[in-house]
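Visitor: Please take me through this model one point at a time, with the cut-offs behind each term.

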Amino acid sequence: MNLTGEKVKIRNLTRADIPMLVKWKNDPEIADLVRGGPINTTFEAENRRYNRGLDEHSTIRLIIETLWGKPIGFISVSDIDKDNHKAQIGMLIGEKDFWDRGYGSDSLVTLLDHLFGQQGFNRIGLEVFEYNLRAKKVYEKIGFEVEGVQRQGLYRNGRYYDIFLMGILRENYLENRQSLRNKAEKVRT
Ligand SMILES: CC(C)(COP(=O)(O)OP(=O)(O)OC[C@H]1O[C@@H](n2cnc3c(N)ncnc32)[C@H](O)[C@@H]1OP(=O)(O)O)[C@@H](O)C(=O)NCCC(=O)NCCS
């Protein structure tokens, strides 16, 4: 896969990316936001995961790069269900200097344009912890809705936290994308 957005390019994960992916996943702040605790992955574990990925087709693992080719993050499309045209996604911007600069939002929009526009998906789901306010904001801005709450689904540092189950449908995404575009046009004129 090779996609280009306004701020990012998205391409398939390669074996050469594995050390960087290990560094990102083992960052305590990132691990807390994506897993709710340490991930402690290793090069060997990620290498095995990469090898397994070569043989199975229910997950696509992607690297986010800046337009000038610096790798800054990772997105996975998992649980791909071709019968029901749906999948789950997970993402991280591993280079923290790039947080809050629009890279995450552009990555997601670029990927959703492709999944809904070219690949025939009808729904995309994801999970986000209740304390991950930045991620939830990004998802809501793009049009994801909270469809359910797994109450106290995460045990972290001695207390329980809810997990929001969010989803977006193709028709809602395309509507929302159009209204975002209209707003941008109005600002310009
Ligand atoms: C979540 C993540 C992918 C978002 O990417 P990003 O590039 O940082 O996000 P963007 O800059 O596109 O957008 C961030 C938005 O959140 C807002 N935001 C930042 N901190 C916030 C907070 N504490 N509460 C609410 N909103 C917040 C920003 O203002 C911005 O909204 P705006 O565009 O309306 O101004 C990225 O920060 C990341 O990888 N975080 C660590 C891993 C993670 O949480 N992954 C998601 C797991 S579900």
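**Strands, helices and the ligand shell**

Visitor: Which residue in E8 stands opposite Leu 154?
Guide: Strands are DSSP runs of E with at least two residues, helices are DSSP runs of H or I with at least four, and both are numbered from the N terminus. Strand E7 and strand E8 (residues 159-169) run antiparallel and are joined by 8 bridges; two strands pair if DSSP finds at least two bridges between them. The residue in E8 opposite Leu 154 is Tyr 161.

Visitor: What kind of model is this?
Guide: Residues are numbered from 1 along each chain as its sequence is written. Local features need pLDDT of at least 70, side-chain atom pairs count only at pLDDT 80 or more, totals for chains, interfaces and linings use all residues, and the model is predicted.

Visitor: Which residue in the hairpin of E7 and E8 takes a positive phi?
Guide: This hairpin has 2 residues between its strands. A positive phi near 45° is found there at Asn 157.

Visitor: How many residues of E7 are buried?
Guide: A residue is buried if 20 or more other C-beta atoms, placed from the backbone, lie within 10 Å of its own, exposed if there are 12 or fewer, and partly exposed in between. Gln 152, found in strand E7, has 12 such atoms within 10 Å and so is exposed. E7 as a whole has 12 residues and is hardly covered, its buried count being 0.

Visitor: Gln 152 has a positive phi; what is its value?
Guide: Most residues other than glycine have a negative phi. Gln 152 is not a glycine, yet its phi is positive, near 55°.

Visitor: Which strands stand at the edges of the sheet?
Guide: The sheet is open, with mixed pairing, and its 8 strands follow the order E1-E2-E3-E4-E5-E6-E8-E7. An edge strand here has a single partner, so one side of it is left without a neighbour in the sheet; that is the case for strand E1 (2-4) and strand E7 (145-156).

Visitor: In which sense do E5 and E6 run?
Guide: E4 and E5 pair in the antiparallel sense over 7 bridges, with Ile 75 opposite Met 91 in E5. On E6, Ile 124 stands opposite Ala 87. The 3 bridges from E5 to E6 join strands that run parallel.

Visitor: Where is His 85, and is it buried or partly exposed?
Guide: His 85 is in the loop between E4 and E5, a hairpin with 4 residues between the strands. Its phi is near 55°, positive although it is not a glycine. With 16 other C-beta atoms within 10 Å, His 85 is partly exposed.

Visitor: At about what angle to E2 does H4 run?
Guide: Axes are lines fitted to C-alpha atoms, for helices over the stretch in contact (C-beta atoms, placed from the backbone, within 7 Å), and angles run from 0 to 180 degrees between N-to-C directions. H4 lies across E1, E2, E3, E4, E5 and E6, and its angle to E2 is about 55°.

Visitor: Which element supplies the largest share of the shell around the ligand?
Guide: The shell has 21 residues, the closest being Leu 33, Gly 104, Ser 105, Leu 133 and Lys 137; a residue is near if its C-beta atom, placed from the backbone, lies within 6 Å. Helix H2 (28-34), strand E5 (86-93), helix H4 (103-117) and helix H5 (133-142) each supply at least two of these residues. The largest share, 6 residues, comes from H5.

Visitor: How many residues of that shell are charged?
Guide: Ala, Val, Leu, Ile, Met, Phe, Trp, Tyr, Cys and Pro count as nonpolar, Asp, Glu, Lys and Arg as charged, and the others, Gly among them, as polar. On that division the shell has 12 nonpolar residues, 4 polar, and a charged count of 5.

Visitor: How far apart are the end C-alpha atoms of helix H3?
Guide: None of the 13 residues of H3 is buried, so the helix lies largely in the open. The expected span is 1.5 Å times one less than the number of residues. For H3 (residues 43-55) that is 18 Å, which agrees with the distance between its end C-alpha atoms, 19 Å.

Visitor: What distance separates the C-alpha atoms of Lys 141 and Ser 105?
Guide: Lys 141 lies in helix H5 and has 13 C-beta neighbours inside 10 Å, so it counts as partly exposed. Lys 141 and Ser 105 are 36 residues apart along the chain, with their C-alpha atoms separated by 8.6 Å.

Key:
Two residues are in contact if their C-beta atoms, placed from the backbone, lie within 7 Å.
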